[in-house]
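The questions below deal with charged side chains, their surroundings and the overall layout of one chain. Please look at the sequence and the model first.

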Amino acid sequence: MKWFLIVLGALVALVAVIAIVGALLPRDHTATRAAQFRQPPTALFAVVRDFAALPSWRGDLKSVELVPARDGLVCYREVSRHGPITYVVREERAAERLVLEIADDNLPYGGRWTFEFRVAPNGGAEMRITEHGFVKNVIFRFLAHFVFGYTATMESYLRDLAKKFGEPAPQFSK
């Protein structure tokens with residue numbers, strides 16, 4: 001019984017330290033990842049913008065459902081192992097820029113993702129993803145900062161996109 005209480009106390013102390021450190025971290029963050037592709041910006045944009053087809057190439061998605069527009073803006077819901085997330089398209093300029101924002105205030109995180117498409121020196125395109133995100137929960141904030149990192153999802157997205165086009169895994173830049 002004594003060892004059980006010691007272990008329990010240590011776990012409670014660890015969670016408390018994680019929560020305190022998480023509370024000291026900024027709620028908001030910005031992270032960027034970019035990669036070059038052999039495809040032109042128009043081809044990259046077309047695949048990224050085809051929300052209904054995202055599960056066919058993104059390994060983290062189970063499904064995507066197009067949902068009714070909000071205030072005239074396109075919306076869709078992604079379903080992954082983490083559950084459903086609804087996005088709204090805040091800005092769209094074909095083959096140049098796409099801005100998506102989480103449209104569910106009840107999640108423990110949220111933010112806006114800006115996808116930028118540029119012609120690259122190799123004749124293909126550079127795609128840059130910038131996340132302006134926030135994490136409400138202090139435990140998740142600690143984990144995002146120290147365990148998962150803010151760029152893991154973007155890097156996975158860019159790897160899946162390269163795979164979709166039969167290209168080698170991209171080298172990431174900021």
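Q: Is Glu126 buried or exposed, and at what relative accessibility?
A: This is a predicted model, in which local features need pLDDT of at least 70 and side-chain atom pairs count only at pLDDT 80 or more, while totals for chains, interfaces and linings use all residues. Residues are numbered from 1 along each chain as its sequence is written, and side-chain values use heavy atoms, with hydrogens and water left out. Buried means under 20% relative accessible area, exposed over 50% and partly exposed in between, with a 1.4 Å probe and protein chains only. Glu126 therefore counts as buried, at 15%.

Q: Which side chain meets Glu126 in a salt bridge at 3.2 Å, N to O?
A: A salt bridge is a side-chain nitrogen of Lys or Arg within 4 Å of a carboxyl oxygen of Asp or Glu. Glu126 has such a bridge with Arg118 at 3.6 Å, where Arg118 is partly exposed at 38% relative accessibility. The partner at 3.2 Å is buried, as is Glu126. That partner is Arg128.

Q: Which residues are linked with Glu126 in a network of salt bridges?
A: A search of the whole structure finds 15 salt bridges. Arg118 and Arg128 each meet Glu126 in one. The network that holds Glu126 also links Glu91, Arg93, Glu96, Arg97, Glu116, Arg118 and Arg128.

Q: How many residues apart in sequence are the parts that Arg58 and Glu78 tie together?
A: Arg58 and Glu78 form a salt bridge, with the closest N and O atoms 2.8 Å apart. Arg58 lies in the loop between α2 (41-49) and β2 (61-70), and Glu78 in strand β3 (residues 73-80), so the parts tied together are 20 residues apart.

Q: Which side chain makes a polar contact of 2.4 Å with Glu131?
A: Glu131 sits in strand β7 (residues 125-135), helices (H or I, at least four residues) and strands (E, at least two) being DSSP runs numbered from the N terminus. Glu131 is buried yet has no salt bridge, and the nearest side chain of opposite charge (Lys and Arg count as positive, Asp and Glu as negative; His and the chain ends are not counted) is Arg58, 10 Å away. Its contacts (heavy atoms within 4.5 Å), leaving aside neighbours within four places in sequence, include Thr30, Trp113 and Tyr150. The polar contact (N or O atoms within 3.5 Å, one able to donate a hydrogen and the other to accept it; residues adjacent in sequence count only if both atoms are side-chain atoms) is with His29.

Q: Which side chain makes a polar contact of 2.8 Å with Glu155?
A: Glu155 lies in helix α4 (residues 152-164) and counts as buried at 18% relative accessibility. Not counting residues up to four places away in sequence, Glu155 touches Phe172 and the partner in question. That partner is Arg33.

Q: What pattern does the protein chain follow along the sequence?
A: The secondary structure comes to four helices and seven strands. Of the 174 residues, 41% count as buried. Read along the sequence, the pattern is α-β-α-β-β-β-β-β-β-α-α.
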